[in-house]
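The following exercises concern cysteine geometry, burial, surface patches and model confidence. Each task is followed by a solution in steps.

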Amino acid sequence: MEMANKEAGPLRTEPALKIEVVEQAELKQKGRKAQDGLTPQKRWAERNPKARWAHLATTNAIRMGILVRQPCVICGSPKTDFHHDPRFYDQPLRGTWLCRRDHVAEHRRLRQEGGADG
């Protein structure tokens, strides 16, 4: 056994693999457009202040009981999101209740038509 160790050379003192600990903030910096340090949601909110205001107003109206969640107007699903028509962001409680699938489809349709998308 001693003979094999002498032929193999001295024991390694440094690890074979270097493990680097990366902080969460550093991971974000490596993402797309991360040089400004903003999350995609914060970037969207900065670009769309009127839409952000409409979303906050709707959330508060639901919380206060002014606006009551309804089933999806297309498929009837009880799990819904409130869809704001981008033309009416200044009227935040004007919109329709859509399930997530139909909500995404509506935004896709708006983008294809070249309309505003919020």
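**Exercise 1.** Determine why C72 forms no bond with the closest cysteine sulfur.

*Solution.* Step 1: a disulfide is defined as a pair of cysteine sulfur atoms within 2.5 Å. Step 2: the closest cysteine sulfur to that of C72 belongs to C75 and is 3.8 Å away, which is too far for a bond. Step 3: for C99, the nearest cysteine sulfur is again that of C75, at 3.7 Å, and C99 is in no disulfide. Step 4: the rule yields a count of zero disulfides.

The model is predicted, so local features require pLDDT of at least 70 and side-chain atom pairs pLDDT 80 or more, whereas totals for chains, interfaces and linings use all residues. Residues are numbered from 1 along each chain as its sequence is written, and side-chain values use heavy atoms, leaving out hydrogens and water.

**Exercise 2.** Classify C72, C99 and F82 as buried or exposed.

*Solution.* Step 1: relative accessible area under 20% means buried, over 50% exposed, and in between partly exposed (1.4 Å probe, protein chains only). Step 2: C72 has 5% and is buried. Step 3: C99, at 6%, is buried. Step 4: F82, at 9%, is buried.

**Exercise 3.** Describe the surroundings of F82.

*Solution.* Step 1: F82 lies in strand β1; strands (E, at least two residues) and helices (H or I, at least four) are DSSP runs numbered from the N terminus. Step 2: taking contact as heavy atoms within 4.5 Å, and leaving aside neighbours within four places in sequence, the partners of F82 include T58, L67, L93, W97 and H103. Step 3: the C-alpha atoms of F82 and C72 are separated by 9.3 Å, at ten residues apart along the chain.

**Exercise 4.** Identify the nonpolar surface patch that contains L93.

*Solution.* Step 1: L93 lies in the loop between β1 (81-84) and β2 (95-98). Step 2: L93 is partly exposed, with a relative accessible area of 42%. Step 3: L93 joins M64 and I66 in a nonpolar patch with about 320 Å² of accessible area together. Patch members have over 30% relative accessible area and no salt bridge (Lys or Arg side-chain nitrogen within 4 Å of an Asp or Glu carboxyl oxygen); nonpolar side chains are joined within 5 Å, like charges within 9 Å. Areas follow the Shrake-Rupley method with a 1.4 Å probe.

**Exercise 5.** Where is confidence lowest, and where highest?

*Solution.* Step 1: pLDDT is the predictor's confidence in each residue, from 0 to 100. Step 2: the mean is lowest in helix α1 (residues 2-8), at 56, and highest in β2, at 95. Step 3: where pLDDT is low, the predicted coordinates should not be read in detail.
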